[in-house]
Amino acid sequence: MVSLYEKWTGKAPPFSQPKAKTLGEESPAELPKEYRSKRRQLPSDVQEEIDRYLHIFNHDITPVLNFIDEIFN
């Protein structure tokens with residue numbers, strides 16, 4: 001069924017497309033070399049959690065680095 005907006009404009013309604021990005025659309029940030037070696041020393045479940053955080057904080061990884069530092073302190 002086509003909405004009235006689509007009939008009148010020929011386009012999908014602007015609110016029909018989600019604005020939030022999905023996890024796979026943006027690539028995760030990369031850890032610096034010294035943090036990559038620290039990450040490898042951690043259990044796999046913590047490594048997965050770090051990977052998830054790298055997706056979430058891909059523009060500023062400071063919280064991820066603080067998280068890793070907190071684990072090792």
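**Exercise 1. The core**

Task: List the residues of the largest nonpolar core in this predicted model, and find which helix gives the largest share.

Solution.
Step 1. Twelve residues make up the largest nonpolar core: A29, L31, Y35, L42, V46, I50, Y53, L54, I61, V64, L65 and I68.
Step 2. Look at the helices. At least two residues of this core come from each of α3 and α4.
Step 3. Pick out the largest share. Helix α3 supplies it, with four residues.
Step 4. Set this beside a general trend. Nonpolar side chains tend to be buried together in soluble globular proteins.
The model itself is a prediction.

**Exercise 2. The whole chain**

Task: Describe the pattern of the protein chain, and state what percentage of its residues count as buried.

Solution.
Step 1. Count the elements. The protein chain has four helices and zero strands.
Step 2. Write the order along the sequence: α-α-α-α.
Step 3. Turn to burial. The chain has 73 residues, and 22% of them count as buried.
Step 4. Add the surface. About 6,000 Å² is exposed, and carbon and sulfur atoms supply 54% of it.

**Exercise 3. A loop residue**

Task: Locate N58, decide whether N58 is buried or exposed, and name its contacts beyond four places in sequence.

Solution.
Step 1. Find the place. N58 sits in the loop that joins α3 (44–56) to α4 (62–72).
Step 2. Apply the cut-off. Buried means under 20% relative accessible area. N58 has 18%, so N58 counts as buried.
Step 3. Read off the contacts. Without its neighbours within four places in sequence, N58 touches E26, S27, P28 and A29.
Step 4. Check from the other side. With the neighbours of A29 within four places left out, A29 is in contact with L54, F57, N58 and I61.

**Exercise 4. Rings**

Task: Classify the ring pair of Y53 and F67, and say which parts the pair ties together.

Solution.
Step 1. Recall what is needed. The distance of the centres and the angle of the planes describe a pair of aromatic rings.
Step 2. Count the pairs. There are two aromatic pairs.
Step 3. Take Y53 and F67. Their ring centres are 5.2 Å apart and their planes stand at 90°, so this pair is edge-to-face.
Step 4. Place the partners. Y53 is in helix α3 and F67 in helix α4, so the pair links parts 14 residues apart in sequence.
Step 5. Compare burial. Y53 is buried at 19% relative accessible area. F67, at 21%, is partly exposed.
Step 6. Widen the view. Y53, F57 and F67 form one aromatic cluster.

**Exercise 5. A charge over rings**

Task: Find which rings K38 lies over, and give the distances from the ring centres.

Solution.
Step 1. K38 lies over the face of Y35, 4.9 Å from the ring centre.
Step 2. The charged end of K38 also sits over the ring of F72, at 5.7 Å from its centre.

Key. Residues numbered from 1 in each chain as written. Predicted model: local features only at pLDDT ≥ 70, side-chain atom pairs only at ≥ 80, totals over all residues. Heavy atoms only, no water. Buried < 20%, exposed > 50% of the residue type's maximum accessible area, 1.4 Å probe, protein only. Contact = heavy atoms within 4.5 Å. Core = buried A, V, L, I, M, F, W, Y, C linked by side-chain atoms within 4.5 Å. Areas by Shrake-Rupley, 256 points an atom, 1.4 Å probe, with all protein chains shown as cover. Phe/Tyr/Trp six-rings, centres within 6.5 Å; stacked < 30°, edge-to-face > 60°. Lys NZ or Arg CZ within 6 Å of the ring centre and 35° of its normal.
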